[in-house]
Amino acid sequence: RADGDGARSLPVTNSKITAAQPIVVRRNTVAGYQLALNGNTLTCSEGNQYDVIFTAGEDDAAYVAPAVGVKLTGAEAENVFPAFAAKIGDLYYATFEAAYAAAEAGQTIELLKPVVVAAGETLTLDKAVTIKYTSNVPGEDMFTNRGTMVVDGATLVYTNTDTTASNVTVSTISCEPGSVLNVTGGTIENKTVYSTGSYAYAID
């Protein structure tokens, strides 16, 4: 457990860690959330769902996904709370929106799962950042737009390594019926915009 005053990081090296309880990392106001895995294998017994937990909650409170970046270095951990959606360098974020809010011009956001813009919601990508996603899932799109998307400054790069026939419909942005897409700047690379029905869009 890494929390409290002065607990800025939790380095663990050259070990195979098996414990009854998960490693819980809580935020320090100076250093944020940090865990250095250094290639270790983490295993949590006694039926716990997670091996590592990053939480903004208090002791003995329900786990709360941090709204800021989590620094996870040394390895990719399995069974981590929260399930990260994106990362910038070695900072992981619980949601794409949190990663995008933290991103500065010139940085690259790497998606760890696709993004869905729900009906009634608006996603505006107006920063000079690069957003990348690589997938091997057949038919998986990078963005699924059911609401409104505005691309004005960002560069979207999608790579899908699936070689099956379903890959012909894979898109960087998939627009569902009733959605709106405005492309007024930026770049959409590798894949195209795909529509599954009637929709509104504008490309300036």
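The legends below describe close-up views of a predicted model of one protein chain.

**View 1. The protein chain as a whole, with its strands and its helix.**
In this predicted model, the protein chain contains 1 helix and 21 strands. Of its 204 residues, 39% count as buried, and the accessible surface comes to about 10400 Å², with carbon and sulfur atoms contributing 47% of that area. Among the contacts in the chain with a separation of 6 or more, 56% are made by residues that lie 24 or more positions apart.

**View 2. The open sheet of 8 strands.**
The strands of this open sheet follow one another in the order β3-β6-β9-β8-β10-β13-β16-β19, and their pairing is mixed. At the edges stand β3 (33-36) and β19 (187-189), each of which pairs on one side only. From one strand to the next, the twist averages 20°. As background to the pairing shown here, strands of a sheet pair through backbone hydrogen bonds, in either a parallel or an antiparallel manner.

**View 3. Strand β13 between its two parallel partners.**
Strand β13, which covers residues 130-135, turns Ile131, Tyr133 and Ser135 to its covered face, whereas Thr130, Lys132 and Thr134 belong to its uncovered face. Strand β10 (residues 108-111) runs parallel to β13 and is joined to it by 3 bridges, while β13 and strand β16 (residues 155-160) also pair in the parallel sense, over 6 bridges. Isoleucine 131 can be followed in both directions: isoleucine 109 stands opposite this residue, and in β16 its bridge partner is leucine 156.

**View 4. The stacked rings of tyrosine 133 and tyrosine 158.**
These two tyrosines form a stacked aromatic pair, with 5.6 Å from centre to centre and 10° between the planes. The pair links distant parts of the chain, since tyrosine 133 lies in strand β13 and tyrosine 158 in strand β16, 25 residues apart. Tyrosine 133 has a relative accessible area of 6% and tyrosine 158 one of 1%; both therefore count as buried, the limit being under 20%.

**View 5. Phenylalanine 84, tyrosine 92 and the strands β6 and β9.**
Phenylalanine 84 and tyrosine 92, which are both buried, form a tilted aromatic pair with 5.1 Å between the ring centres and 45° between the planes. Together with Phe54, these residues make up one aromatic cluster, Phe54, Phe84 and Tyr92. Tyrosine 92 also has a place in the pairing of strands, as the bridge partner, in β9, of valine 70. Strand β6 (residues 70-73) and strand β9 (residues 91-93) run antiparallel and are joined by 2 bridges. The structure holds 5 aromatic pairs.

**View 6. Lysine 113 in the loop that follows β10.**
Lysine 113 is found in the loop between β10 and β11 (115-117). With a relative accessible area of 38%, lysine 113 is partly exposed, because this value falls between the limits of 20% and 50%. When its neighbours within four places in sequence are left aside, lysine 113 is in contact with Ala83, Ala85 and Tyr133. The C-alpha atoms of lysine 113 and phenylalanine 143 are separated by 9.6 Å, the two residues being 30 residues apart along the chain.

**View 7. Lysine 127 over the ring of tyrosine 100.**
In this view, lysine 127 lies over the face of tyrosine 100, at 5.0 Å from the ring centre.

How values were computed
Residues are numbered from 1 along each chain as its sequence is written. This is a predicted model: local features need pLDDT of at least 70, side-chain atom pairs count only at pLDDT 80 or more; totals for chains, interfaces and linings use all residues. Side-chain values use heavy atoms; hydrogens and water are left out. Buried means under 20% relative accessible area, exposed over 50%, partly exposed in between (1.4 Å probe, protein chains only). Helices (H or I, at least four residues) and strands (E, at least two) are DSSP runs, numbered from the N terminus. Two strands pair if DSSP finds at least two bridges between them. Axes are lines fitted to C-alpha atoms, for helices over the stretch in contact, and angles run from 0 to 180 degrees between N-to-C directions. Contact means heavy atoms within 4.5 Å. Accessible areas come from the Shrake-Rupley method with a 1.4 Å probe; for residues, only the protein chains shown count as cover. Rings of Phe, Tyr and Trp (its six-membered ring) pair if their centres lie within 6.5 Å; planes under 30 degrees apart count as stacked, over 60 as edge-to-face and the rest as tilted. A charge sits over a ring if NZ of Lys or CZ of Arg is within 6 Å of the ring centre and within 35 degrees of the ring normal.
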